[in-house]
Each structure stands twice: as structure tokens, then as C-alpha cells.
Amino acid sequence: MAQDTYLSPREILKRLKTMESRITRHNNVEYETEFEGVTGPLSLEQLNREATRMLAFMNMFLYTPKCVFDTTLEPNTGGQIALFGQTSGDLKISINPSIRSDARQLLACLAHELCHKRLEDSHIMFNDREENEYHADLCTIYMGFGKLILNGYNVHNNAMGYLVPGNYRDAYDIMQVMRSTVTGSKPASAVKSADFVLEIALDEWSKEPDKPRLLRSKFMEKQREMAVLAKHTHLVRQLLDIIDGYPREALELYSDSYESYMRHSDLSSYPIHAFAALYDMKNNHIDTHLQTRAEGINVALMSLLASLERFVPELKGSVLQYDRIVCPFCGCEKRSSAVRGDRRMEKCDTCKRYFVIDRSLMDMRDVREEIARKGDGFGEGSVNEAYLTGKYDGAAEGQAKAEKEKQEALAKQQRMLENKYKAMLVQKYQQGLEAARAADAPELKKAVLNDVPGWVRWLVKPYLKSNEEQE
């Protein structure tokens, strides 16, 4: 036995859960051996007495252990137990003489073999031999023989068991914490594990007395983002349902017009019916605004598909196929693989109305090409972002913004003209004053002032006051 198989904490817990479902542990304590601290050999009488105590510890009183040292066992086999499915009687337990010199190894091997019987009685058996051995190794720790396993599974570099040493320690720590949960006690010490997630989880479990609350809060925390995603996808479904029902009136008119023709398909007798069908269909249009918006939604969804391709296995390299046919009038649906890659007319088997389906194939390469074409070169995810920020559906907001910018530009231009006009008036007035002073003609100054409108005089009042003071 090489102790070379690694089980993740999740795999260990999976097997421990199986045992918990089928094996009742009557003791929430560790087994205490008669030979604690003994490192020398044990006699067969001592082994049988210890095996009897182990069986009683596991509430298996109907068996009588018969231990023997068997030289025919393979060198890499520590022991073997005869399993016959009986519920009482003698249990033959063969021990390899190679480990008889150390009581610790003998006790660990004995616990392992007896746990094979515990598993058989609990109907935990597998066709895979190694799987049975993994369960037996973990069952020893589950039943309370963890100390024996940790002390005796690797003595003098003579390794027994199938799992890596760290797995036995992880399983032991898990069971110690679980026992403390039942008994209300605290684990002997803080758990240290090479698997940091296991270490953190056991620490959280130990510190929180309200275990249901811990589980509920962790569930809420882990589901939070998924709940947001579910909300968004639910809204998308509602949106698509509304869009799907929006052109219902036009669809009904088209169907009625075509059905009228189909009932009078003899053109020589009913040319007016046929022409009326053509006229009705040409004279009515599904709202082009809706088509434009739906086109933007389609681009956004294709961008989403491209970004999800790396996370959703079903999309990886696949072709999106549509074989579900839903009548837009009565909702009756059916599936037909024959419609894949085709666009055709259908007649509902229930309401007998006509409609057209488009089931052309669309693979991921087509999606990316469509994004590049309709998204004006935007990369993965950018089309969706551009759509959501108003590139496709922001006409009203864009128009309001443009109108606001226009008004702000006009106001700015008006302020510039007013400032320029005011500056020009002040300049002309100053020129008049200078001319008056040069000619030393107060009359001219007064004449200049009289020609200036009153509101301009008010505007240049600071200058007038300054000049009068100068005089």
C-alpha cells in the first residue's frame, strides 16, 4: 500500500455523507485502546480482545473475532477479513506478520479490516476494489478510530492505507468538528489543512453556533449573483413575449387575407379575392420602428452569445438550432427537425391559421461576423454595452441632448454679440470725449452726449462720472 491516492475534501465528504446516511454512530467520541502508548508486539489473544472491544464500540456484538497471522498474504497487504454476509458468528481476520512487531500498526490494520465488515453490513459495497478500500480507510475515521489510523498508518516508513497522509488528517479534522457539533463541545484545536477552503469552512462552522443561519446566509450569498441573472433573464422573457405579441393585429390580417385567397384559389372565378389579399398585405405594415429596435436587441443578444460561449459548454463550437414551432395566434407548439435551416409557411394544426417561420441555422462564427457587421467593428461585449448605453435605443435621449446643446450654443453666441456691441459703444463714446477735449469745446462734448441714447448713458455712467470729476 503506497498511500498515493489523493481525494479532494469534496470527495472525502461525499463518502462520509454516504456512511452517515447508512451507519448510525452510537458514540460521538474517539475510541480509546487498551494499548495506548504501546509500541511493541501484541499477541493474538491481545488482538482478539482488542477486536472484541472495537466491535462493541461499533455496536456489532454478534461477531466473534478470530485473528491470525497469515504468512501467505502479499507483502503489500497489511491484513484481510473474510466477508460472507453473515450477521453473526466468527470473523476471520488475517494479519500480515510483517507488521506484528508494532502494536500501533496492528491496531490500525485491525480497525481497517473491521470497518470492511461494518461497511458490508451497511450495504456500502462497490464493484471497484479500490473504492471499497477508500471507504474502509475513511470509515475507520468516521467510526472513531482516527487516532489509531494517524498513529499507526505510517510507522518506520512502513506506510499502510491507500490515501495520501493529508487525506487522513482532513477526514479526522472534519469528524472532530462534526462531533463537536453534536456534543456541543469545541474541537481540540484550530484546524490546519493544505486545502485552505476546507480550513476556512471548518473554522466558520466552528465559530457560528447557529448552523442553519450559517447555511442560509451562505446560500443567499452564493445565489445572489445568480438571482440577479435570473431576474434579468426573466425580464428578457417578458420583453420578448411583449414584442412577439406586438404585431399580432398585422399577423392576423395577413393570415386572414391569405386564407381568403386559399379558400378561393381559382383565379378565373375569384380574381378579386386574390387581388384583395395582395392589396391588404401591401397596405399594412408591421411597425418599422419595432423592427429597428428588435434589430438592436438581436445584436445585443448575439454579443451575449459570443461572450457566453467560453462559459456555456452547449454553445462551444455548436450550431444554434431551432426546431420548436409555436403558433403566434393560439400558442400551440410542436417540434420538427425538418424545419432546421429552412424558412417556410406553416398552418397551425389547432387554429388553422397561416404563419411563416424562419429557422435558418446560426453558429458562433456567424454570430461573430454579424456582430462585426452590425456593431460597426465593436469587439466582444462592446455591442451589448453600446446598445445598452443608447447607441441603438437612445434616439429620444440623443435628440433632447442635441436640442439642449443647440440652445446653449445660441445663448453663448448671443452673449458674445452683446458683449461685442457693448464694447463698441463704449469705444465710440470714449472717442467722442477725446475729440472734445482736443478741441476744447464743451459744447461739442455736450452735443455728443445728447446724441447718445439714455440707456447708453446709463451703461457708460462710470466713465461719465470719471470725466466730470476730471473737469
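Two strands are taken as paired if DSSP finds at least two bridges between them, and helices (H or I, at least four residues) and strands (E, at least two) are DSSP runs numbered from the N terminus. The views below show a predicted model, in which local features need pLDDT of at least 70 and side-chain atom pairs count only at pLDDT 80 or more, while totals for chains, interfaces and linings use all residues. Residues are numbered from 1 along each chain as its sequence is written, and side-chain values use heavy atoms, with hydrogens and water left out.

**View 1. Strand β1 runs parallel to strand β3.**
Here β1 (residues 63–69) and β3 (residues 89–95) are joined by 7 bridges. Look for P65, whose bridge partner in β3 is L91. In a regular strand the side chains alternate between the two faces of the sheet. In β1, the covered face carries Y63, P65, C67 and F69, and the uncovered face T64, K66 and V68.

**View 2. Cysteines C67 and C327 come without disulfides.**
With a disulfide defined as a pair of cysteine sulfur atoms within 2.5 Å, a search of the whole structure finds 0. For C327, the nearest cysteine sulfur belongs to C351 and is 3.7 Å away. The closest cysteine sulfur to that of C67 is in C109, at 9.2 Å, which is too far for a bond. Buried means under 20% relative accessible area, exposed over 50%, and partly exposed in between (1.4 Å probe, protein chains only). C67 is buried at 5%, and C327 is buried at 3%.

**View 3. R179 and E30 bring distant parts of the chain together.**
The side chains of R179 and E30 meet in a salt bridge at 3.0 Å, N to O; the term means a side-chain nitrogen of Lys or Arg within 4 Å of a carboxyl oxygen of Asp or Glu. R179 sits in helix α6 (residues 165–183) and E30 in the loop between α1 (9–22) and α2 (44–57), 149 residues apart. Both residues of this pair, R179 and E30, are buried. By this rule the count comes to 23 salt bridges.

**View 4. R53 and E50 form a salt bridge within helix α2.**
The N to O distance for R53 and E50 is 3.4 Å. Because they are 3 residues apart in α2, about one helical turn separates them. R53 is partly exposed at 31% relative accessibility, whereas E50 is buried at 0%.

**View 5. K334, D342, R344, E346 and D349 share a salt-bridge network.**
When you zoom in, follow the salt bridges that link these five side chains: K334, D342, R344, E346 and D349.

**View 6. A nonpolar patch lies on the surface.**
V236, L240, L301, L304, L308 and F311 make a patch of about 490 Å². Patches take residues with over 30% relative accessible area and no salt bridge, joining like charges within 9 Å and nonpolar side chains (Val, Leu, Ile, Met, Phe, Trp, Tyr) within 5 Å. Areas come from the Shrake-Rupley method with a 1.4 Å probe; for residues, only the protein chains shown count as cover. Helices α8 (211–245) and α11 (288–308) each supply at least two residues, and α11 gives the most, with 3. L308, in α11, is partly exposed at 31% relative accessibility.

**View 7. H123 and K352 have positive phi values.**
Most residues other than glycine have a negative phi. H123 has a phi of about 60° and lies in the loop between α3 (103–121) and α4 (129–143). K352, with phi near 65°, is in the loop between β9 (343–347) and β10 (354–358). H123 is exposed at 65% relative accessibility, and K352 is partly exposed at 43%.
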